[in-house]
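Here are some notes on the model, set out as numbered points. They cover one helix pair and the cysteines.

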Amino acid sequence: MILEESDYATLLATITSISGLFIGLYYTALTSVGSAIYARVPQSLRALLLKEKKGDAYLRYLVALTFFGVLLLSSWVLGYRANPLTAPLLALGGGIAVIAFYQLGARLFSLFEPTKLADEVIGQMKSSIENLQPNKPSWLTPRFQLHERKRNLYHIETLEALSDIAKSEPHMNGKVFINFTNKIMAFLCWYERQKSVMPKNSEWFSPKYNHPEWYKTSDTETSIRYGTSMPLQPEVIRDHRWLERRLFNILLSCLESNLNSPDFQLALQALGCINRYSVQIAKTGEFYWLLEVLDGTSLVCEKFINASLSRDQHEQPINHVALCDAVSAIPINCMLSYFKVLSSRTGDNLKAQVNEITWSKPETIYKNNWPNKALTRLEWLLPRMQFETGIEKKAITPKWYILNEVAREEANSLAEAMPFVTHDFGSKYKVWIDKLVTSRRYWLAATCIVRAREFWNKLDYHLEDLDVYLSSLLQYRKHDKTWPNIGLSELHEDIKKNNEIVNEYCLKCLPELSKVNRPNELPDFAGYFLHHLGEVLFKAFMNNDYSTVRKVYGSYFNESFVMFKKLMPNEVQDEWHLTQNLKVAATPLLDLLDLTGYGLILGHFYGNSDLSKFISLMWRLYFSDQHQIQKVDQLMATIKLLKGGFEIPHRSQYRFNWKQGVTNKLSKSVPKDNFNPSRELMGGREIRLHDDPLVRLFSSSRTGTYYDGVNVFVFYTLADKNIKSVQEFYQSGWSLKQDIEKEEEHYAKYKSWKEKTDA
């Protein structure tokens, strides 16, 4: 079929008109979007709208198609013969233009959400950073580095403008802002990894000027400068965090904006972005910047809490508790991330990385993601090693010297990081808790206390790994006295002191938390603290720590009775459920009695009369009023309820651990002898050598596991009370009295026999 000339002209004109119409429609749509959203934004953002990648490519395609159609139509008018292939090509091009217009037309509506443009901006920033990495053209050229930094300043302004729009527009101040922040966070984490392969003196990092003091400068330099009427030349210091400081403000802006949102989960998601970025910073070991991030985050959250909660508001919503928990978990996550990275930077790994360096190729020192201080030292070595290889035609400096330099810088990094971890992070918890306790926000304070205890316990657990890591570095130390002195024993002392501070906070908050009825949606901090103080008390008994016992025992004594009353069932129940709930409610009292008994035993073991007298005094005061009989009957009923049944009592695992700890300590610490007056070959009896019969009884392998702390409590505290419930307890076979009398009788026989034998 032959194409008629009129049909050919009509086809050319139609397709050319359609493509031209599409250009007009697309610009009209862009104008509508721009006038609605982009009218009051910086020029950089409007330019980004016009240069949007897919739209720009489509417009270029339409322009080319329109120009091609006009060109063919003009040639036909001039009398050139039509090519048969042009018709199907134009038809195909027009069809593509229609399909693409449908896709991009729908996509134009997404531009009412300007944050969609962030992908384009971040992509260009990544491209600039990748251009500065080793093996890229001009990656070591200062002017090229400066050019890329100026380009990214423009992109950062664009991202800040997008952030302002997202914050100010109500329909975008939610999930849209969170998605935008997630992109910023992902870029910052990516950038943290890429910085390790960039020269530290690169022009990419913005300069800061440090002016020296005149009287601390050498005479030669000051005389030249004064003679030429010029000031001292400032030292140029590279700001390696110029980009992060500006972009991190976007993360804080998102958090601040969503804290006031009805959907509080959005605020927690924003906080999650900051947490993930903080973890990435910790992997680099740059804790000074991490501390700035933590300060900024806590300040935003503190302002929100102060604005939304009154000082005397006893009820703190679950959202505020979750917020405090998320913030106080950041130091823990960062610390664990840092220790995990250290396990991959041992001395042997450093040796393998040093062996891969070729000094004639500068890019090889950047390929292994060296830590900042080690990389700085390698950059210092690089020109010296290049000069050496240029003169000697080979490297003369031994590998052990380079390893010593690199390993020492790693040790210096560790020495600088540990004060941040132990002092700065630890003081953060103290500041947070002090402010919350002062403002009577005890639920929020309790959240931070629990996290503080977790922080110090995990740090204590990882000190052994830290010792292994430090030893791996020290094996490459070669006659170098400039290595730092990192004392792990001092860290142990810091951890111990901070754990004592945590205990003091528990003592402050526990009575306040016990006063109010806890909603089921809030954690049971009162129960947690009571259990924790019980463990602290047991440890103090085991270590003969009388000062801790004086601080803790009184509060633990009172709060055990408070917890007993709170757990008592107050609803009508059937007999079985009532009995089970009574047993659960009685467990705090049984824990108290059990620990009291072990405290008395260990007080006798250590010969610490102050400890035994203090505990006895607390109970004498408790029984000193007119309700003595009722109180004794209540305790005996509690003991009978929990110890009289054929079942494993509630919380028996903890009491069993206490019992095992005491008996093991006494059996190992109390010396023993064999009592064999008849001199039989297989005869004799083990005798424990201690002045106190109770200690001998519990240290004996024969009787030590039969009794527990409750038996000791009854014997020492209630034995002198002529009360029916106590006498019934003695008659039940749980009394220590007979065994102690037997023990004293045997020990008297042993001493008499020993005196005769020695004589």
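Is the crossing of helix 10 and helix 11 left-handed or right-handed?

1. The model is predicted. In it, helix 10 crosses helix 11 in a left-handed sense.

2. Helix 10 covers residues 264-284 and helix 11 covers residues 287-308. Their axes lie 9 Å apart, and the packing angle is about 165°. Helix 10 is therefore roughly antiparallel to helix 11, because angles over 145 degrees count as roughly antiparallel.

3. On the helix 10 side, the contact is made by Phe 264, Leu 271, Ile 274, Tyr 277, Ser 278, Ile 281 and Ala 282. Helix 11 contributes Trp 289, Leu 290, Val 293, Thr 297 and Phe 304. By class, the residues of this contact comprise 10 nonpolar and 2 polar, with no charged residue.

4. The structure holds 0 disulfides. Cys 254 is in no disulfide, and the nearest cysteine sulfur to its own, that of Cys 273, is 6.7 Å away. Cys 254 counts as buried, since its relative accessibility is 0%.

5. Why does Cys 324 form no bond with Cys 448? The closest cysteine sulfur to that of Cys 324 is in Cys 448, and the 4.8 Å between the two is too far for a bond; a disulfide needs the sulfur atoms within 2.5 Å. Cys 324 is also buried, at 8% relative accessible area, because under 20% counts as buried.

Note on methods: Residues are numbered from 1 along each chain as its sequence is written. This is a predicted model: local features need pLDDT of at least 70, side-chain atom pairs count only at pLDDT 80 or more; totals for chains, interfaces and linings use all residues. Side-chain values use heavy atoms; hydrogens and water are left out. Buried means under 20% relative accessible area, exposed over 50%, partly exposed in between (1.4 Å probe, protein chains only). Axes are lines fitted to C-alpha atoms, for helices over the stretch in contact, and angles run from 0 to 180 degrees between N-to-C directions. Helices (H or I, at least four residues) and strands (E, at least two) are DSSP runs, numbered from the N terminus. Angles under 35 degrees count as roughly parallel, over 145 as roughly antiparallel, 65 to 115 as roughly perpendicular and the rest as oblique. A crossing is left-handed if the near helix is turned anticlockwise from the far one by less than a right angle, and right-handed if clockwise. Contact means heavy atoms within 4.5 Å. Ala, Val, Leu, Ile, Met, Phe, Trp, Tyr, Cys and Pro count as nonpolar, Asp, Glu, Lys and Arg as charged, and the others, Gly among them, as polar.
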